[in-house]
Amino acid sequence: MIDVMARLMKIGIPVMAGIVAVCLLAILPGCGGGLPDVQEIWEKSEEAERNISSLHMEIAIYYQNTKFGGGQIQTTSIDVSGNNVHSTSAIFGQSFSEVIVVGGKQYGRFAGSEEWKEQPVTVSGRTATEQLEGFAQLPDTASSSENLGIERVSGVEAYHLSFTLSPGQVSDLFKSVKPEQLAANSGGKVDVWVEKETNYRIKYEAVVNNVLITDKIGYGDMRITTTLTNINQPISITPPI
């Protein structure tokens, strides 16, 4: 043991230099196992998104911090397989609509009705998921972004990316929301989880502060969560009639 220590003392400077180098590698981004930056993860996820042909998506919209407290506004469940789509939605807990598109035909039933009716085709795999396309420019749109590290989501490891939005950026990002609802917003945040192994974006959570929920409820914060599963897995969608 003494002999070993003596040898280390004789080569002390190289040993210390090596230790310092290893420590630096450990803390520099992208080196020695450090976390990749947001832009790198996002570019890989963009490439992965282009190769998605099927998925299951659950969307839930909540209001919070209002004079009435909080609650759920809307839920939507969507299956996509190529251009075939099955979508169901409920508003304030009441069934609102169910739409199936399969084999180039569209069927729908609404307001709790049990009767299916054939309709002109207005929905496709792309339009069913178009709200996610609005997030494509998040790194360029957001005021700031950060990789918060690796977390487990739905049983898999995922990078947790966080984006901060100014009031104007909120309005630019959520173009499908009525302008009067967002007119007084005070900014927001979008968190995205990107699966480490596949680079798929498997969860989104957006919070927009001080928006008009409804005329009756008034102003509060809106939270939208979107989870994606069964990506590129077989999904069966059949006509209802």
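This report walks through the overall build, the nonpolar cores, the pockets and two single residues of a predicted protein model.

## The overall picture

Let's begin with the whole chain. The protein has 241 residues, and 39% of them are buried. Its secondary structure comes to eight helices and 11 strands.

How much of the protein's contacts join residues that are 24 or more positions apart? Among contacts with a separation of 6 or more, such pairs account for 51%. As for the outside, the protein exposes about 13800 Å², and 55% of that area is supplied by carbon and sulfur atoms.

## The nonpolar cores

Now look inside. In soluble globular proteins, nonpolar side chains tend to be buried together. Here, the largest nonpolar core holds 46 residues, and the members that touch the most others are L138 and F174. Strand β10 gives the most to this core, with six residues.

F174 is a good residue to click on. Not counting residues up to four places away in sequence, F174 touches F135, L165, L182, A206, V208 and I224. Apart from the largest core lies another one, of six residues, including I100, V102, Y107 and I235.

## The largest pocket

Next come the pockets. The largest pocket contains about 1100 Å³ of space. Its lining is made of 36 residues, and those nearest the centre are I59, I61, Q74, Q131 and S176.

Which strand gives the most to this lining? Strand β10, residues 201-214, does so with five residues. So β10 turns up twice in our tour, since by the definition of strands as DSSP runs this is one element: β10 gives the most to the largest core and the most to the lining of the largest pocket. Sorted by class, the lining of the largest pocket has 19 nonpolar, 12 polar and five charged residues.

## The second largest pocket

The second largest pocket holds about 390 Å³ of space. Of the 17 residues that line it, E49, I52, L55, T129 and E133 are the closest to the centre.

Several elements help to form this lining: α3 (38-49), β1 (54-66), α4 (125-128) and α5 (130-133) each supply at least two residues. By class, the lining of the second largest pocket has six nonpolar, five polar and six charged residues.

## A closer look at F163

F163 sits in strand β8, which covers residues 156-165. Is F163 buried or exposed? F163 counts as buried because its relative accessibility is 0%, and the cut-off for buried is under 20%.

Leaving aside neighbours within four places in sequence, F163 is in contact with V38, W42, L138, P139, A142, S144, S145, G188, K189, V190 and V192. One of these, L138, has already appeared as a member of the largest nonpolar core. F163 and N147 are 16 residues apart in sequence, and their C-alpha atoms are 9.2 Å apart in space.

## A closer look at T238

T238 lies in the segment after β11 (218-229). With a relative accessible area of 49%, T238 is partly exposed, because exposed means over 50%.

Leaving aside neighbours within four places in sequence, T238 is in contact with I100 and V102. I100 and V102 are among the members of the six-residue core. Finally, T238 and N84 are 154 residues apart in sequence, with 8.8 Å between them in space, C-alpha to C-alpha.

Terms used
Residues are numbered from 1 along each chain as its sequence is written. This is a predicted model: local features need pLDDT of at least 70, side-chain atom pairs count only at pLDDT 80 or more; totals for chains, interfaces and linings use all residues. Side-chain values use heavy atoms; hydrogens and water are left out. On a 1 Å grid over the protein atoms alone, a cavity is a set of points where a 1.4 Å probe fits but cannot get out, and a pocket is an open set with protein on both sides within 12 Å along at least five of seven lines; lining residues have an atom within 4 Å of a point. Grid points are joined across faces, edges and corners, and a volume is the space filled by probe spheres set on the points. Helices (H or I, at least four residues) and strands (E, at least two) are DSSP runs, numbered from the N terminus. Ala, Val, Leu, Ile, Met, Phe, Trp, Tyr, Cys and Pro count as nonpolar, Asp, Glu, Lys and Arg as charged, and the others, Gly among them, as polar. Buried means under 20% relative accessible area, exposed over 50%, partly exposed in between (1.4 Å probe, protein chains only). Contact means heavy atoms within 4.5 Å. Accessible areas come from the Shrake-Rupley method with a 1.4 Å probe; for residues, only the protein chains shown count as cover. A nonpolar core is a set of buried Ala, Val, Leu, Ile, Met, Phe, Trp, Tyr and Cys residues joined through side-chain atoms within 4.5 Å.
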